[in-house]
Amino acid sequence: MNKYRVSADIGGTFTDVVAINQETGRIAVGKASTTPRDLTQGILAGLSRVVENPETIDFLVHGTTQGLNAFLERRGEKVLLLASEGAGDVYYIARGDRRDLYQLHYRKPEPLVRRRDIVEIRERLNAQGGIRIALDEAGVRIAARRVREEGFGAVAIAFLFSYVNPVHELRAAEILQDELGEHFPVTLSHQIANEWREYERTSSSVIDAYIAPSVQRYLNRLTAELHRQNVVAPLHIMQSNGGIISAAAATNSSLQTLLSGPVGGTMGGVSLARDNGLQNLICIDMGGTSFDVSLVMNQSPDIETETYLEGFPILLPVVKIHTVGAGGGSVAYEEAGGLRVGPRSAGAEPGPACYARGGLEPTVTDANLLLGRIDPDWFAGGTLSLDRNLASQAMEGLGHQLGLDTMQLAEGIGRIVNTKMAQAIRAITVEKGIEPRDYALLAYGGAGPMHACFLAEELGIARVIVPKNPGAFSAWGMLQTDMRQDFAQAFYTPLDRANPMEMADLLETMAREGSAAVAAQGATTQAISHRFSTDMRYRGQEYTLTIAIESLDEITRTDFKEVLVNRFHRAHLARFGHNNPGAPTELVALRVAAIGEVGRIPPAYESEAEGQGEIEYRDMTFNQKTLSGRVIRRAYLRSDTRISGPALVLEDTATTVIPPGWELRLDQLGAMDITRL
Amino acid sequence: MATKSENRIDPITTEVVRSLLNAAADEMNVTLIRSAYTPVIYEMKDCAVAILDADHRVFGQSSGLPIFLGNLEEVVDVTENFYGKDCWKPGDIWILNDPYLAGTHLHDMSVYGPVFVQDQLVGFATCRAHWLDVGAKDAGSPTDSTDVFQEGLRLGPTKVIEGSVERPDMVDVLTRNGRFSYPAHGDLYAQIACVRNGQARLEEIVRRFGKETVEAARDEIFNQTERMERAAVKALPDGIFQAEGCIDNDGVNKNPVWVRVKVVIDGDRMRIDLTDTDDMAGGPVNCGAPQAVSAARVAYKLLISPELPVDGGAFRPLTVDVRPGSLLAAEEPAPCEWYFTPLGLLIDLVVTALADVVPDRAAGAHYGDSMVIGIEGVDPRSGEPFLLYEPTVGGWGGWRGHDGQDALINNVNGALKDVPIEVEEARYAVYVHRYGIRQDSGGPGQWRGGTGVERVYELETDKAKLTLWFERAETPAWGLFGGQSGMAPEVIVNEGTTHERRMLKVSGYPIQRGDIVTTRTGGGGGYGNPRDRNPEAVRTDIADGYVSKAHAQESYGYHAH
């Protein structure tokens, strides 16, 4: 009996399911409507479309938006926050910065906990972790009573310096569980983020407490439902750090699931880079309202240790995804005699004019339609047919105002939106000290492949890759990842005074903890490995760079500090364009990632349809010239196919545009490799 | 209302060029922030960049600090005034920090260079960033300097790169004159990298589109911005609107220093007249004319064009008048270290003057200044010297429909964050007893002013020196339309003991182990009569501890049941 590895990725509109046959490597893709009230129903419906017998599922990965939705819609738990005496307002002060400089009516993010629901507990540690004021245990019991009487569903504890010494947080949790039962959800800040900066740690802990009960209920329900459907494979959950963990472990670290949604695509990019021997990719995922950009550098995802969500800082290793407000729904309009495109979007309702749902303003999708870059009868997998006349009418009014004819305006809208997206990509790469020319562009999502070659031209990139099933690429990517758990420990010391033995001990302890955690989720000992690193900076700096430590053995070598500092100087030069050899450096944190390899199915490719399909040509407009371009279904592409632009490649979930001057061929795994001639 | 005669270029190319110029400025800013060495630049974003055309008009700009808005063109003007229009040579990069020429203080280094395409001057790339130390009489920022020569190294327009080659002698001068040479090197190279990035991007754009097309696009872009701003000003009623206020003192003399604002709206033009402001002060609160103009532009932008781009067409409806020799157009040898103190006040005053004109866009005054505390000593844990130096957040004014924000950084700053207690206690020999909301400090109003904060430090080393710059006790943040003032700031050493001392500005005041320094910042001004406040909102304020029951009764007439 053939066994399958299966993933399910929940999006706003659709739940994508991908199944890989473990013996043949063949891939099946299914789609079901997302069911916002109970996400499990969409998953089960999707599963049934790709796998006949649920018992043949051998491995199951799931990327959930449950926690994110609870946060975004403010449907999370009522949280009581315990803070150190004298520091209860840290969460409200929120470090006091303004992110919008010219706004007299600036507003901080709306806190998730009311000020009256923050309880200061008499206790205090000093910066070295020594006890300055002992924990007021009676105060904790009084707080527990409040939890019972006022119906709080979760407690977050964030005491000062708990990252140096967790004793008070642990004892307070013990008391709460004694009072409230051992299953009562309590989030401890040192377990969420074992790093300094109390506001950032508190904010992370509050979000965890706020979403955890909802995520736990959801995972329990899904697990039970899968059992009922005879799915025996253990469920794994995609995490924000690009790795997976077992559903059981995820119930204890809900925060890790928060930003997992778009991460699958980047991890798919990592896998694709390894299979193709590419080092670096710029990954773009374009939908109706937004455009996500992420990077694969040296075949690894770009992982940051801190991120922001609606203004709240979160200390959490995340695969960095940049979102830009540009998409198919971006609206074109006149302002003071000039032409503007976006960031305002027509969204799905009314949507672009060509959707015939009452939208009157021209959008990027309308422009693409008029330019012949979309098949009007096969949009969104044939679920919607587009009205060219309505698109044209919407263009006419604006064109008249600006003195442009319809096709000039349509192409202009495309040029402007492509310029903006390309500049957004540039800004991201410049920040990382990267030259986009050295990268290939990987495009997926519904609209990504339609714009990719134009963005590449703007950025001087010569190679565009469109993977198989670009619409379900994120789900596919989830099947290419390993188990991963991250551990961090604050370690603040000048490098010249750091004790290597102490570093090695701390890293080893975290590694053991990591091995145990990953093994508990089913990884075999030989499949477990560790990545060690340390956060470093020049003395006086605030930002750090995460510098790899190759092994624990490396630390015991006599030249370790020299090796490490040189690695830091080089990384600083690469990232910031200069460095300061000789300047004093300091360490801020130690990190361990425990990786449990789950093994990958060797990819296979064979073309899906016989023959070459109908030869069809259509009008397409590039640079104000209307040309006759080839239109081909992707299923008919062969390993020896070469197609020069202008051409369109159609498939269920996406359309790829090959402009003049670009040539398409397939790589050995079936991805479209489009290069500039 | 497009004027046909100017449309020499199609709107698509114009918009593409506009996007590229704005992106180029953003990219310069990213380059500077990511490669700067000191937190003042990359964490607090005390920097700005601009790309200018050959006539010094702004193609695109990006700012980290609100008051660095649109005055980088001054440094290019000044350089031509000194050395003539022929002074620009390919590959050269210049540096300047003279406060009377550039407008701010000696800490702010402007670095800039010309852009040439085919031997033709097509524009400039410029940036400005705050250096940690420029060799003033005291480390950091002296609070009691009486002339500019006590404030550090002063540079007129000076070449630091000549024909793409670094001048080692100039780099040596620049880095030898401060207390920290590593950061000075790092920040100098970051600024040079930023200028080179801007030069390359502008060159690329001009090569791609051609000089004429870029110039035609520029004219159209400027006209678009000007049209939008003129329409916004024209929508306001004509009239003359005034406001005045004072800072407590200049740090050296005791008397208050007055800033007087007169705003004249006439059709689609606005004039901000600052000429009635006091003469230059003896202490370091003086400001060079270019920076005063810039602050007036910030106020204008807050009320007129918060969403609009800043380019060469921006601020065309606005003129700003300053009087040479006054506080806001300082001349040699006036000390300028705390030039921004009157500017925070100036912005509040312009908003107040125009409150009747734009009641929906106005807000009560904010707590006013950076409220800086410095503690200098030796950390007994390491035996090494430390310098704690931090601004403090406070309350902002309420506005129609919403209470003011609590605990927010002041209006001349932006991205500046407070120092976490965990970082502070690890780095400096202090213990923080409390950092929290200051109850009852928000100005009462139908929409309450935001609250200030209280931060209580205990010294944990034998002796240290305390420096303070706290302001706006004479004119605490006032309210609008019947809203009342927020509480004034206060700093108390050993509060409630027999040796209690109150002070707001002090330099090098000796403190000892166990001394407790309590700082309290002011609240923001209220908006509307507090008696009209929704009783439910007062009840919530009491429950959340922003307002005490006594204060609720006294200021809002609220009786708890």
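## Exercises on a predicted two-chain model

Gly540(A) is in contact with Thr38(B) and Pro183(B), leaving aside its neighbours within four places in sequence. The model is predicted.

**Exercise 1. Place Gly540(A) in chain A and decide whether it is buried, partly exposed or exposed.**

Solution.
Step 1. Find the flanking elements. Strand E24 (528–538) and strand E25 (545–549) of chain A bracket the loop that holds Gly540(A).
Step 2. Take the neighbour count. Gly540(A) has 16 other C-beta atoms within 10 Å.
Step 3. Apply the cut-offs. Buried needs 20 or more, and exposed needs 12 or fewer. Gly540(A) is therefore partly exposed.
Step 4. Check a pair distant in sequence. Glu586(A) is 46 residues apart from Gly540(A) along the chain, and their C-alpha atoms are separated by 9.0 Å.

**Exercise 2. Describe the side of chain B that touches chain A.**

Solution.
Step 1. Count both sides. Chain A puts 58 residues into the contact, and chain B puts 66 residues.
Step 2. List the elements of chain B that each supply at least two residues. Among them are helix H1 (11–35), helix H6 (181–209), helix H7 (211–234) and strand E14 (430–437).
Step 3. Pick the top contributor. H1(B) gives the most, with 14 residues.
Step 4. Sort this side by class. The residues of chain B here are 36 nonpolar, 14 polar and 16 charged.

**Exercise 3. Test whether the radius of gyration of chain A agrees or disagrees with that of a compact globule.**

Solution.
Step 1. Set the expectation. For 677 residues, a compact globule would have a radius of gyration near 26 Å.
Step 2. Compare. Chain A has 27 Å, which agrees.
Step 3. Add the extents. The C-alpha trace of chain A spans about 80 × 60 × 60 Å along its principal axes.
Step 4. Add burial. In chain A, 53% of the 677 residues count as buried.
Step 5. Add contact range. Take contacts in chain A between residues at least 6 apart in sequence; 66% of these join residues at least 24 apart.
Step 6. Note the secondary structure. Chain A has 17 helices and 33 strands.

**Exercise 4. Work out how domain 1 and domain 2 of chain B meet.**

Solution.
Step 1. Set the bounds. Domain 1 of chain B covers 4–226, and domain 2 covers 363–561.
Step 2. Take the separation. Over C-alpha atoms, the centres of the two domains of chain B are 36 Å apart.
Step 3. Count the contact. Domain 1 of chain B brings 11 residues, and domain 2 of chain B brings 15 residues.
Step 4. Classify the domain 1 side. This side has five nonpolar, three polar and three charged residues.

Conventions
Residues are numbered from 1 along each chain as its sequence is written. Chains are lettered from A and ligands numbered from 1 in the order in which they are written. This is a predicted model: local features need pLDDT of at least 70, side-chain atom pairs count only at pLDDT 80 or more; totals for chains, interfaces and linings use all residues. Two residues are in contact if their C-beta atoms, placed from the backbone, lie within 7 Å. Helices (H or I, at least four residues) and strands (E, at least two) are DSSP runs, numbered from the N terminus. Ala, Val, Leu, Ile, Met, Phe, Trp, Tyr, Cys and Pro count as nonpolar, Asp, Glu, Lys and Arg as charged, and the others, Gly among them, as polar. The radius of gyration is taken over C-alpha atoms; the globule rule is 2.2 Å times the number of residues to the power 0.38. Domain bounds come from an automatic or database domain assignment.
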